[in-house]
Amino acid sequence: MEELEERSRAQALAVAVMDLETGFEFRYRPDRWFHAASTIKLAVLLGLFAAIHRGTLVPQSRLHVRNRFRSAYDGSSFRVLSERDADSEVQAAVGKTMRVIDLARNMIVRSSNLATNLLLDLLGLEHLQRTLEEHQLSGIDLRRGVEDELAFEHGINNRVTADGLVQLLRLFAEERAFSPELSREMVEILHDQEFRSGIPAGLPAHARVAHKTGEISTIAHDAGIVYLPKRKPYVVAILTEWDAEMSGRHPTIAAASYMIYEHLLGARDEDDE
Amino acid sequence: MSEPARLLSERYGAQGEPSIALRIVDGRRLEKKYRDVLRPGGILADAHGQAHQLPRYFYEIPSWEVAHNTQLSENFALWEFIHTDVHEAEPLRMFPRYVPCAITLMALGLEQFRSAARSFVHIAANGGYRSPAHALTVHATPHAWGTAVNVYRIGDTMLDNQEALEHYASLAYKSMPGVYVRPFGRKRGETDDHLHLDFGYVIAVPRGAPFETYNPKLDVEPL
C-alpha cells in the first residue's frame, strides 16, 4: 500500500479490510480522518433504517421534496444546486413528495445530495449521531448535510476513517444492523450503486459489490462489501486525498481493491473459475 | 330551468342542494383521535401572540378517489389541497380525512389567480391544508384554516427566484382581492422557493352544517 500511495502521488491513502470468511484484517492508516464526501450517506442510510426499525417511519412514508436547507454554521438557508447533484430524479420532484425508501435509494445509488439533505432534515442530526453512538461507530463524525458551503468554509465537515466505514459496513454484512431483514435491505440498495470505477473496477466480473463512493475536489473514497462465490464476503474501505488538480483517483482505488482481492483469495478464486 | 342553471346543475348538482357532495361534520363530534389533532374551535396563537379561533366545521373526505373526483372549482380539485407528507399528524394521513369548509374560498380565489396567470397553478406538498398538529404548524397559520396555499410552480416556471415570485405576487394582488402574499426573502415570514397566498383566518360554516343549540357544557366536554 505504501508503494501504491507513493506511485499514485496521492496526498494520503488509508485502507481497512475485514474478511468475514477467514477473520483476516488489514489496516493501513485506519484511524486517519478524511473529509467524508458522499460516504457520509452510509450514516444517513443507517439512521433511516433505525427510524424504520423503531417504527417512527415506514419505507413508504412520504416526504415533501423541498430544496431549502439550513447551514450548520449559522442557520442561513442554502440550496443544493442541480448542476452539482449527480441525480436529477429528486430534483425533478421538487414540490411533490417521494417515499423515504426511494429517497434513500437515490441517495446511495446515484448519490443524490438533495435526497441526503431531505433525509437528514427529517431524521435530525441528533438522531443520526445517536444511532452511530449506539453502534459504537466512533470513526464516523456526522456534523451536517452535504453541499453546505458556508459550513465547509468554516471547517464544519463530516469526517470518516477507513476503520469507521468498515465497522459500519460490517453491521450490514453480518446482518447485525437492527435485524437480518433490514440489514439485507440496506445491502440491496448498496448493490445497485451506479458509480463502479472504484472497488468493483479492481475485481473480476463475477464479484458483486455493495458499496458507496465519495468524491469532492480533493477526495476520492470507496467503501463496500465484496461478495464472491462460495465464501463469506469481505468488507473494505479505501480512502484517498489528493491535490485538486491531480488525476488517477479511480485507478488508484481500483488498484488497491485488486491488491486486497489478490491477497485474500486471488489464486483460489481463479481456480474456482 | 335556464341554460346557466342547467349547466350548473349538471356539473355541481341541483340548485338548493350543496354543490359539494361531501358530508359536513362538526369537528367537536368527531372521535377523540381526530379532535386532538384538528382542535376544532380551539385557539391557536400566531407568531405575534394574537389568538385565533380554529375552524369547527369540516368536509369529510372518505377516500383519495373522492378527493380526486371532487372539483372545488373549474380547475382545482380537493386532492390538490390535502397533499401532505410524514409531517402531518398520523390520524390525518389516512382516510377519512378532514378539511375546513373555508377551503372552497381558497379554491375560488385560486381560480381567479389562474385566469390571470393563464397557466396551471401547482400547489406544493404540505402547501394546502395542514392541521394544527402538523409538524410545520408552530404558530397559527392560515394553512390550518384551509385558507392558504404554497404554489411552487406555475406552468413551466419554478417559483424559486425573486423575479418569478414578484411577478406572480403582483398578479395575485390584482386577481385575488384581500389576499396576503408573503414577501420574497430568506428571513422569517418571507419565502424564496414558493409563492405563499392566504386569505387570513377565515372560518366558513356552510348551509347544511350540523348546527345545535348552544350548550356551554360542550366547551368543557365536547362529547
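Two residues count as in contact when their C-beta atoms, placed from the backbone, lie within 7 Å. By that yardstick, 11 residues of chain B are in contact with 13 residues of chain A. This is a predicted model, so local features need pLDDT of at least 70 and side-chain atom pairs count only at pLDDT 80 or more, while totals for chains, interfaces and linings use all residues. Residues are numbered from 1 along each chain as its sequence is written, and chains are lettered from A in the order in which they are written.

**Where the chains meet**
- Chain B's side of the contact with chain A has four nonpolar, three polar and four charged residues (Ala, Val, Leu, Ile, Met, Phe, Trp, Tyr, Cys and Pro are nonpolar; Asp, Glu, Lys and Arg are charged; the others, Gly among them, are polar).

**Helix α6 of chain A**
- Helix α6(A) spans residues 125–134, and its buried residues are A:L128, A:T131 and A:L132 (buried takes 20 or more other C-beta atoms within 10 Å of a residue's own, exposed 12 or fewer).
- These residues sit on the same side of α6(A) because they cover an arc of only 100 degrees around the axis.
- Facing away from that buried side are the exposed A:E126, A:E133 and A:E134.
- The cover over the buried residues includes α2 (41–54), α5 (113–123) and β8 (140–141) of chain A.
- Just after α6(A), A:Q136 has a positive phi of about 55 degrees.

**A helix pair in chain B**
- In α4(B), B:Q112, B:F113, B:S115, B:A116 and B:A117 meet B:Y168, B:L171, B:A172, B:K174 and B:S175 of α5(B).
- That contact divides into six nonpolar, three polar and one charged residue.

Notes:
Helices (H or I, at least four residues) and strands (E, at least two) are DSSP runs, numbered from the N terminus. The arc is that of the directions from the helix axis to the C-beta atoms.
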